[in-house]
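Visitor: Could you walk me through a helix pair and then the sheet in this one?
Guide: Gladly; here it is, and we can take the helices before the strands.

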Amino acid sequence: MTLHLTARTVVLDIEGTTGAAGYVHGELYDYARPRLGPWIDAHPDDTDVAGAVAQTKADAGLADDAGTAEVVALLHAWMDGDVKATPLKTLQGQIWAAGYAAGELSSHFFDDVVPQLRAWHGRGVHLAVFSSGSVASQVPWFRHAPAGDLTPLIDAYFDTVNAGPKRDAGSYDTIAAALGRAPGELLFLSDLPAELHAAREAGWQVVGVRRAGEPNAGADFGDLPIIESFDGVEVDS
Ligand SMILES: CSCCC(=O)C(=O)COP(=O)(O)O
Ligand SMILES: [Mg+2]
């Protein structure tokens, strides 16, 4: 069965929805892991790096004078547990952006995604992103896609810094205001029920993306509408 929906803007989660979690963890996390310490030490005057280090120490109860090794051990533990902590995402995003710029990284999209993004965009539907990955990592993810540069399709990028936590309804209010849309004009696609419930609480349309083999395939989507791939939903403006 195909869902037929009307929306002015479709807002996309990335991991588990547009691309494989295995790719993010296998390629991107493994790229960032050995580079975190050298990156922190090489950018002591970067306010985003210094802020992320200070926030990591505060979140973990580390002493203010804790060294890079202690901070990195914590960041690695967060990666091992896939804790989507904002300071980790800030640092990963900077490292990945450098990796994309150096030609050492590319992104991954499920086969059904790019044709549908182009089809919806072609029908006048706007596209935006809301991911735990920082905006600094979202933009190159779309720019360096195997299908080519997809950034011309995307109007706006949101993360936990400029919008807020993905499980808080208020973050979806913030995005709606930034896009200048009424909540009901927005459709959020995600693989995580908790995110979909938050968006629905904010008055958005939502569709769960339950992809075979992805970590959240077994999650309880309850009464949420779900699709197995983007082929399961047609969106018109
Ligand atoms: C922009 S690619 C990096 C993705 C990432 O780090 C992440 O945590 C994605 O989580 P999502 O909210 O998109 O499921
Ligand atoms: Mg996701």
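Guide: Bear in mind that this is a predicted model. To begin with the helix pair, H5 passes H7 in a left-handed crossing.

Visitor: What angle do H5 and H7 pack at, and how far apart are their axes?
Guide: Helix H5, which covers residues 86-101, packs with helix H7, residues 135-143, at an angle of about 30 degrees, and their axes are 7 Å apart. Angles under 35 degrees count as roughly parallel, and H5 and H7 are therefore roughly parallel to each other.

Visitor: Which residues meet there?
Guide: From H5 come Gln92, Gly93, Gln94, Trp96, Ala97 and Tyr100, and they meet Ala136, Ser137 and Pro140 in H7. Sorted by character, the residues of this contact between H5 and H7 comprise 5 nonpolar and 4 polar ones, with no charged residue.

Visitor: OK, switching to the sheet: what's the strand order?
Guide: The sheet is open and is formed by 6 strands, which follow one another as E4-E3-E2-E5-E6-E7 with parallel pairing.

Visitor: And which strands sit at the edges?
Guide: Those are strand E4, at 154-158, and strand E7, at 226-227, each of which pairs on one side only.

Visitor: How many bridges hold E6 and E7 in register?
Guide: Strand E6, residues 205-209, pairs with E7 in the parallel sense over 2 bridges; looking at individual residues, Gly208 has Ile226 in E7 as its bridge partner.

Visitor: Which helix lies across E5 and E6?
Guide: That is helix H9, residues 193-201, which lies across E6 and strand E5 (186-190) and runs at about 170 degrees to E6.

How values were computed. Residues are numbered from 1 along each chain as its sequence is written. Chains are lettered from A and ligands numbered from 1 in the order in which they are written. This is a predicted model: local features need pLDDT of at least 70, side-chain atom pairs count only at pLDDT 80 or more; totals for chains, interfaces and linings use all residues. Axes are lines fitted to C-alpha atoms, for helices over the stretch in contact, and angles run from 0 to 180 degrees between N-to-C directions. Helices (H or I, at least four residues) and strands (E, at least two) are DSSP runs, numbered from the N terminus. Angles under 35 degrees count as roughly parallel, over 145 as roughly antiparallel, 65 to 115 as roughly perpendicular and the rest as oblique. A crossing is left-handed if the near helix is turned anticlockwise from the far one by less than a right angle, and right-handed if clockwise. Two residues are in contact if their C-beta atoms, placed from the backbone, lie within 7 Å. Ala, Val, Leu, Ile, Met, Phe, Trp, Tyr, Cys and Pro count as nonpolar, Asp, Glu, Lys and Arg as charged, and the others, Gly among them, as polar. Two strands pair if DSSP finds at least two bridges between them.
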